[in-house]
Amino acid sequence: MRIGILSLQGAVEPHELKLKSLGVSVQRVKVPEQLKDLSGLILPGGESTTMLHLIGVNKLWESLKEFTSTKPTWGICAGAILLANHVSHPEQKSLEAIDIHIQRNAYGRQNESFESFLEPEAGWQKDKKWEGVFIRAPRIIAVGNSAKTLLRFNQEPVMVEQENVLVSTFHPELTESSQIHQYFIGKC
Amino acid sequence: MSEMKLKTGLAEMLKGGVIMDVVNREQALIAEKAGAVAVMALERVPSDIRKEGGVARMSPPEIIADIMEHVSIPVMAKARIGHFVEAMVLESLGVDYIDESEVLTPADEQYHIDKFRFKTPFVCGARNLGEALRRIGEGAAMMRTKGEAGSGNIVEAVRHLRSLRSQMRRLTTLGSEELVNEAKELGAPLSLVQMVAKTGKLPVPNFAAGGIATPADAALCMWLGAESVFVGSGIFKSENPERLANAIVESVANYEDASIIARCSKGLGIPMKGIDIKTLKEEEKLSTRGW
């Protein structure tokens with residue numbers, strides 16, 4: 001199995017280390033041809049405005065749109081912003097791959113970054129402990145009917161899934177546990 | 001160490017990007033539009049500090065606040081070496097990173113800031129491994145080479161990147177008893193020396209700064225192990241800041257592809273003139289500030 005990581009900018013390396021430790025081979029994706037034959041794609045954390053800009057520069061928009069509409073895709077933080085149907089604060093263009101409304105930098109600035117345990121949604125993986133590192137994180141302020149919340153912080157959705165697409169507003173690549181990477185690999 | 005995870009976590013998010021020096025809102029908006037991952041607010045860009053002389057201090061709070069209000073990307077700001085009150089002011093303004101910077105006139109010739117006392121993360125400059133580990137030992141969550149700011153000359157950044165890299169490589173070849181002596185020689189905490197010996201890397205992200213003036217300069221730093229680049233005077237002292245900013249962002253993201261660097265280096269006009277480092281007197285060098 002080969003999983004791609006969008007590598008235009010951001011926290012690529014920690015995901016690469018996680019995937020490799022789980023026996024998955026990794027393809028860094030900077031140009032459209034590198035999306036070929038991938039079982040899944042990770043859109044990592046970073047700056048969403050920078051990534052949007054570089055997606056345009058490197059002519060990735062069309063092929064990313066196609067990939068994320070059908071194949072297993074996981075967006076983290078900035079990646080979740082790129083995948084959301086609706087982005088605010090400020091409004092910006094997105095791939096519209098998952099029916100959520102996401103608000104950028106919604107908890108505040110770096111001084112408001114935090115780490116916390118998360119609550120799994122009723123009936124989903126209740127026996128495990130989940131923790132989240134939130135860095136200048138966005139907030140999912142609305143979840144459409146076709147999308148399903150998996151994890152919450154303070155009752156608010158922080159990890160949401162809709163068929164092939166998974167998004168999290170926190171950074172599992174910065175914590176010890178690999179369980180969310182394992183969950184994503186299971187989808188691929 | 002949870003706090004450190006949040007501090008280095010933001011630096012992880014800034015990897016593979018370009019952080020641009022800006023002195024006002026207009027420049028910050030140009031930087032954001034060009035794809036900068038963050039902006040660094042300062043009173044004057046290094047080449048002007050060099051030209052005009054005088055004491056260079058933290059940027060006026062109203063300018064920093066104005067920049068923070070108008071861009072959605074992280075905003076960093078510089079404090080003078082050892083000036084922990086400037087750092088406290090920057091923390092209270094809510095900047096995302098504080099640069100304890102040799103570009104400003106040092107406030108303390110003996111001590112750097114105790115950075116563990118702050119919630120806001122710090123980036124510091126270094127010329128070599130010992131200096132980098134001393135700063136990390138004081139709580140810096142991100143390192144950058146010092147280079148020679150405001151010179152438009154990449155030679156010092158290259159020297160610092162290479163020195164750091166070869167010193168780290170050497171540590172990985174030493175035995176445990178040799179590391180104790182090495183820590184003494186480097187003037188660095190043994191625990192950090194042991195960490196580098198094990199991984200061959202700094203325990204925090206390592207970026208490049210000081211003298212980057214062209215897309216090829218930026219890519220060179222990435223090849224030499226920098227994980228992102230800071231561009232100071234280079235952009236807004238060039239003939240066409242917007243195009244150069246775009247080109248440097250594109251070049252860093254695609255630093256392994258020379259054909260892309262060739263394409264984005266076309267038509268940029270005249271870069272900043274630059275200074276031959278050999279013509280600088282020792283006291284004119286910014287990189288020798290701090291220890």
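Buried area here is the accessible area (1.4 Å probe) that two parts lose on being put together, summed over both. Keep that in mind for this tour of a predicted model.

Start by showing chain A and chain B together. The two bury about 2700 Å² between them, with 50% of it on carbon and sulfur atoms. Now select Arg109(A), Gln110(A) and Asn111(A): this trio supplies 24% of the area that chain A buries against chain B, more than any other three residues.

Next, pick out everything in the contact. You should get 34 residues from chain A and 37 residues from chain B.

Time for the charges. Six salt bridges cross the interface of chain A and chain B. For one of them, put Lys201(B) and Glu13(A) on screen as sticks; their side chains meet at 3.3 Å, N to O. Polar contacts between the two chains come to 24 residue pairs, both partners at pLDDT 80 or more.

Which elements of chain A should you colour on the side that touches chain B? Go for helix H1 (12–21), helix H2 (48–57), strand S7 (114–120) and strand S8 (130–134), each of which supplies at least two residues. H2(A) gives the largest share, five residues. Colour that side of chain A by class and you'll find eleven nonpolar, 14 polar and nine charged residues.

Finally, hide chain B and look at chain A by itself. Its secondary structure is five helices and twelve strands. The radius of gyration of chain A is 15 Å, close to the 16 Å the globule rule gives for 188 residues, so chain A is as compact as a globular protein of that length. Of those 188 residues, 62% count as buried.

Notes:
Residues are numbered from 1 along each chain as its sequence is written. Chains are lettered from A and ligands numbered from 1 in the order in which they are written. This is a predicted model: local features need pLDDT of at least 70, side-chain atom pairs count only at pLDDT 80 or more; totals for chains, interfaces and linings use all residues. Side-chain values use heavy atoms; hydrogens and water are left out. Contact means heavy atoms within 4.5 Å. A salt bridge is a side-chain nitrogen of Lys or Arg within 4 Å of a carboxyl oxygen of Asp or Glu. A polar contact is a pair of N or O atoms within 3.5 Å; within protein, one must be able to donate a hydrogen and the other to accept it, and residues adjacent in sequence count only if both atoms are side-chain atoms. Helices (H or I, at least four residues) and strands (E, at least two) are DSSP runs, numbered from the N terminus. Ala, Val, Leu, Ile, Met, Phe, Trp, Tyr, Cys and Pro count as nonpolar, Asp, Glu, Lys and Arg as charged, and the others, Gly among them, as polar. The radius of gyration is taken over C-alpha atoms; the globule rule is 2.2 Å times the number of residues to the power 0.38. Buried means under 20% relative accessible area, exposed over 50%, partly exposed in between (1.4 Å probe, protein chains only).
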